[in-house]
Amino acid sequence: MTDSSDSDYSKRTSWRRLTIFSLIFIAMTAAGLYAVYDRFAGRSITFDPQLIAPSTLLMAGLLLLVYFVSDGLRLHFTLRALGHRLSFGVIFRLVFINLFFSNVTPMATGGGFAQIWYLHRHGVPMGRATAATTIRTVLAVIFIFSLTPIFLLTLDALKNHSVTGNIGVALAIFITLYLGFFAILLFRTHWLIGPLSRLLNTLHRLHLIGENRHQRWQFKARREMLRFSRSFGDYLRGRPLFVFLSILFTAVFLLSLFSFPALLMHSLGYDVDYLISVGLLVVTTFIMYFSPTPGASGISEGVFGSFFRDILSGNHLVLVTVSWRLLTIYLGMIVGLIVLQRELVKDRRTPG
């Protein structure tokens with residue numbers, strides 16, 4: 001009876017947090033869009049029917065298909081390299097659940113936990129699930145963090161820009177720390193066991209966790225981290241075709257993500273320099289990685305508006321900013337919320 005009530009309380013608390021983060025996401029998004037409208041668009045906005053022309057909707061639909069499918073396949077082949085195979089239905093439900101969680105939790109941390117929970121729920125051991133989601137993230141980070149300095153140094157549109165002009169040192173520190181953490185996580189996982197154990201000891205001494213939970217978490221933390229370390233080695237030793245395809249579909253996923261602004265601008269009749277558009281969005285995405293707001297809400301819109309204000313006319317800037325976020329984030333979040341609700345309903349119907 002106690003376990004059941006604790007579980008119900010935990011679920012209610014989790015939903016409360018998600019609701020609060022969702023409201024913050026909406027508020028910050030509105031603030032970011034207003035900042036674009038007020039500071040960069042000259043308080044001008046005009047709806048352009050070219051954005052809903054059949055040809056635009058067809059191209060956007062095809063690009064969305066590539067975007068979502070490649071997102072699912074990069075995780076699918078990472079799991080295959082680790083020796084696990086889940087149905088495509090499970091994989092693509094996870095794509096949308098991840099989109100929802102990663103955009104309503106600060107710095108996208110919830111997306112990783114949600115993926116691990118979901119994979120474990122479908123039979124993937126916790127260490128393997130952690131390895132799969134971390135490897136998938138690391139592959140994307142390597143692409144983005146490698147390209148960002150190149151675009152910062154070569155794009156005239158970013159030279160002396162107010163957002164990027166003084167971030168050279170910060171950029172170097174962020175890239176070093178971020179990639180350094182993942183390098184330790186992937187190659188020297190056992191280095192993290194000591195600090196994690198001390199953290200749990202501190203929580204126990206402060207009476208934040210009880211004796212039984214402390215012992216259980218110590219055991220599970222050590223076990224899962226060692227499993228994770230072995231899992232990453234298994235990924236590198238996995239079938240080369242699956243490793244290659246996980247990298248390839250990561251590249252396809254990112255390229256499709258970075259192509260949405262160019263598609264939107266082309267549909268509005270702009271003569272688009274595709275490389276400049278992609279470069280600006282790579283740097284935007286890099287900045288979003290360090291945003292403390294849920295899903296980089298507010299900050300992503302503001303940075304996007306700041307970068308693209310010299311390319312787009314004022315009446316189109318807010319329109320393209322909203323359309324970009326709608327296609328890459330909002331639609332997936334809505335689908336993710338629906339999928340999550342269905343999964344939770346299934347949980348309730350499943351006998352304990």
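**Close-up 1. Aromatic pairs in the predicted model, with Tyr-34 and Tyr-37 as the example**. Across the whole structure, which is a predicted model, a search finds 15 aromatic pairs. In the pair formed by Tyr-34 and Tyr-37, the ring centres are 6.1 Å apart and the ring planes meet at 45°, so this pair is classed as tilted, given that planes under 30 degrees apart count as stacked and those over 60 as edge-to-face. Both tyrosines belong to helix H1, where a spacing of three residues places Tyr-34 and Tyr-37 about one turn of the helix apart.

**Close-up 2. The salt bridge between Arg-93 and Glu-343**. The count of salt bridges comes to eight, and in the one shown here the side chains of Arg-93 and Glu-343 meet at 3.2 Å, taken from N to O. This pair links distant parts of the chain, since Arg-93 lies in helix H3 (residues 88–104) and Glu-343 in helix H12, 250 residues apart.

**Close-up 3. The second largest pocket and its lining**. The volume of the second largest pocket is about 200 Å³, and among its 13 lining residues those closest to the pocket centre are Leu-51, Leu-264, Ser-323, Leu-326 and Leu-327. Helices H2 and H12 (314–349) each contribute at least two residues to the lining of this pocket, with H12 giving the largest share, six residues. By residue class, the lining of the second largest pocket comprises 11 nonpolar and two polar residues, and no charged ones.

**Close-up 4. A nonpolar surface patch made by Phe-47, Ile-52 and Leu-57**. Together, Phe-47, Ile-52 and Leu-57 make a nonpolar patch of about 320 Å² on the surface of the model. Of these residues, Phe-47 is located in the loop that runs between helix H1 (2–40) and helix H2 (54–81).

Technical notes:
Residues numbered from 1 in each chain as written. Predicted model: local features only at pLDDT ≥ 70, side-chain atom pairs only at ≥ 80, totals over all residues. Heavy atoms only, no water. Patch = residues over 30% accessible without salt bridge, like charges linked within 9 Å, V, L, I, M, F, W, Y side chains within 5 Å. Areas by Shrake-Rupley, 256 points an atom, 1.4 Å probe, with all protein chains shown as cover. Salt bridge = Lys/Arg side-chain N within 4 Å of Asp/Glu carboxyl O. Helix = DSSP H or I, 4+ residues; strand = E, 2+ residues; numbered from the N terminus. 1 Å grid on protein atoms, 1.4 Å probe; cavity = no way out; pocket = protein on both sides within 12 Å on 5 of 7 lines; lining within 4 Å. Points joined across faces, edges and corners; volume = space filled by probe spheres on them. Nonpolar A, V, L, I, M, F, W, Y, C, P; charged D, E, K, R; others polar. Phe/Tyr/Trp six-rings, centres within 6.5 Å; stacked < 30°, edge-to-face > 60°.
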